[in-house]
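User: I have a model open and would like to go through it with you. Could you begin with how you decide that two residues touch?

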Amino acid sequence: MKRVAILLSGGGSNMVALAESMTGDHPARPCLVLSNDAGAGGLAKARARGIATAAVDHRAFGGNRSAFEDELMKPLLEAGADIVCLAGFMRVLTDGFVSRWQGRMLNIHPSLLPKYKGLHTHLRALEAGDSEHGCTVHEVTARLDDGPILGQARVPVLEGDTPEGLAARVLVQEHRLYPAVLRRFAEGDRRMLRLD
Ligand code: GRF
C-alpha cells in the first residue's frame, strides 16, 4: 500500500478529492496533509477525515528556502510518505527538495501545459482568446510547472467567461483528473491520461 502525503496552502478541494478516492482496492492511502500555513482550510478538512496533519510556516524561516524545506521534510519522513501530491501548494520548491522526491512527486496545474506556466492561468487563457482550457497533472522537476505530463483534462471557454467562472469549471475537472492520475501513478503506470 503506497502512502501519499498531500501538500496544500489553501482550501484543499483537490486534497479532498484525492483522499476520498483512496478507498477499497485503491493501491494508496493518504498518510499526511501538510501545509505551509497553519490556518489553511484544507488542514481542517483533513482533520475532519481523520487524516494526520502538520504545518510548517515558511514565514518563520525569513526567506531561507532550504531551512524551511528541511523542516518540511520531517513530517513527510515521520509519516513514511512514498508519494507527495502538491495540491494548491503555493511555495516554490528548490532543486534540493525536488530531487529528494524525484519521480515520486506530482502537481496539478490549472492550465493545459506547456501553456501558461505560473500564475493567473485562467485570465491569461481568456486574454489569449483560447477556445479551450483545462488542467494538467505532471511529475515535479526542478523547473516550475515543467515536468513530464501524466494527465490532462479539457474544458471549453465560453462566451462571457470570467476568470472566476473558468476557474470553477476547471476545478471540477481537476477533481476528476488528479485522482485518476494518482491511482495509475501508484500502480506504476506512467501512461498519459486524457480526460475529455
Ligand atoms: C487549484 O486551482 C489548483 O489548480 C491550483 O491551486 C488550486 C487548489 O485549489 N494548484 P484547492 O486548494 O485544491 O481547492
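Analyst: Two residues are in contact when heavy atoms of theirs lie within 4.5 Å. This is a predicted model, in which local features need pLDDT of at least 70 and side-chain atom pairs count only at pLDDT 80 or more, while totals for chains, interfaces and linings use all residues. Residues are numbered from 1 along each chain as its sequence is written, and side-chain values use heavy atoms, with hydrogens and water left out.

User: Okay, Asn 36 then: what does it touch, leaving out residues up to four places away in sequence?

Analyst: With those left out, Asn 36 touches Leu 8, Ser 9, Val 56, Asp 57, His 58, Phe 68, Phe 89 and Arg 91. Two of these partners also make polar contacts (a pair of N or O atoms within 3.5 Å; within protein, one must be able to donate a hydrogen and the other to accept it, and residues adjacent in sequence count only if both atoms are side-chain atoms). The side chain of Asn 36 reaches the side chain of Ser 9 at 2.6 Å, and the side chain of His 58 at 3.0 Å.

User: And where is Asn 36, and is it buried or exposed?

Analyst: Asn 36 sits in the loop between β2 and α2, where helices (H or I, at least four residues) and strands (E, at least two) are DSSP runs numbered from the N terminus. Asn 36 counts as buried because its relative accessible area is 5%, and the scale is under 20% for buried, over 50% for exposed and partly exposed in between, with a 1.4 Å probe and protein chains only.

User: Switching to the ligand, which residues surround it?

Analyst: Its shell, meaning residues with a heavy atom within 4 Å of it, consists of Gly 11, Gly 12, Ser 13, Asn 14, Gly 88, Ile 108, Pro 110, Leu 171 and Glu 174. Helices α1 and α6 (163-186) each supply at least two residues of that shell.

User: Which polar atoms of Ser 13, Glu 174 and Ile 108 are involved with it?

Analyst: For Ser 13, a polar side-chain atom lies 2.6 Å from an oxygen atom of the ligand, and for Glu 174, a polar side-chain atom lies 2.9 Å from an oxygen atom of the ligand. With Ile 108, a polar backbone atom is 3.3 Å from a nitrogen atom of the ligand. The protein buries 78% of the 370 Å² that the ligand exposes when taken alone, areas being computed by the Shrake-Rupley method with a 1.4 Å probe, where for residues only the protein chains shown count as cover.

User: Back to α1, which of its residues are buried, and what do they pack against?

Analyst: The buried residues in α1 are Asn 14, Met 15, Val 16, Ala 17, Leu 18 and Ala 19. Their packing partners are β1 (2-8), β2 (28-35), α2 (41-48), β4 (83-86), β5 and α6.

User: Take Met 15 and Leu 18: what are their contacts, neighbours within four places aside?

Analyst: Met 15, in helix α1 (residues 13-21), counts as buried because its relative accessibility is 0%, and Met 15 touches Ile 6, Leu 8, Val 33, Gly 42, Lys 45, Ala 46 and Ala 87, apart from those neighbours. Leu 18, with a relative accessible area of 0%, is also buried, and on the same terms Leu 18 is in contact with Ile 6, Cys 85, Tyr 178, Pro 179 and Leu 182. As for separations, the C-alpha atoms of Met 15 and Pro 179 are 9.4 Å apart, with their positions 164 residues apart in sequence.

User: Last topic, backbone geometry: where is there a cis peptide bond, and which residues have a positive phi of about 55°?

Analyst: Most residues other than glycine have a negative phi, and most peptide bonds are trans. Here a cis peptide bond joins Leu 113 and Pro 114, with omega about 10°, and Pro 114 lies in the loop between β5 and α5. His 120, in the loop between β5 and α5, has a positive phi of about 55°, as does Asp 145, whose phi is near 55°, in the loop between β6 (132-139) and β7 (149-156).

User: Are those two buried or exposed?

Analyst: His 120 counts as exposed because its relative accessibility is 60%, whereas Asp 145 is buried, with a relative accessible area of 9%.
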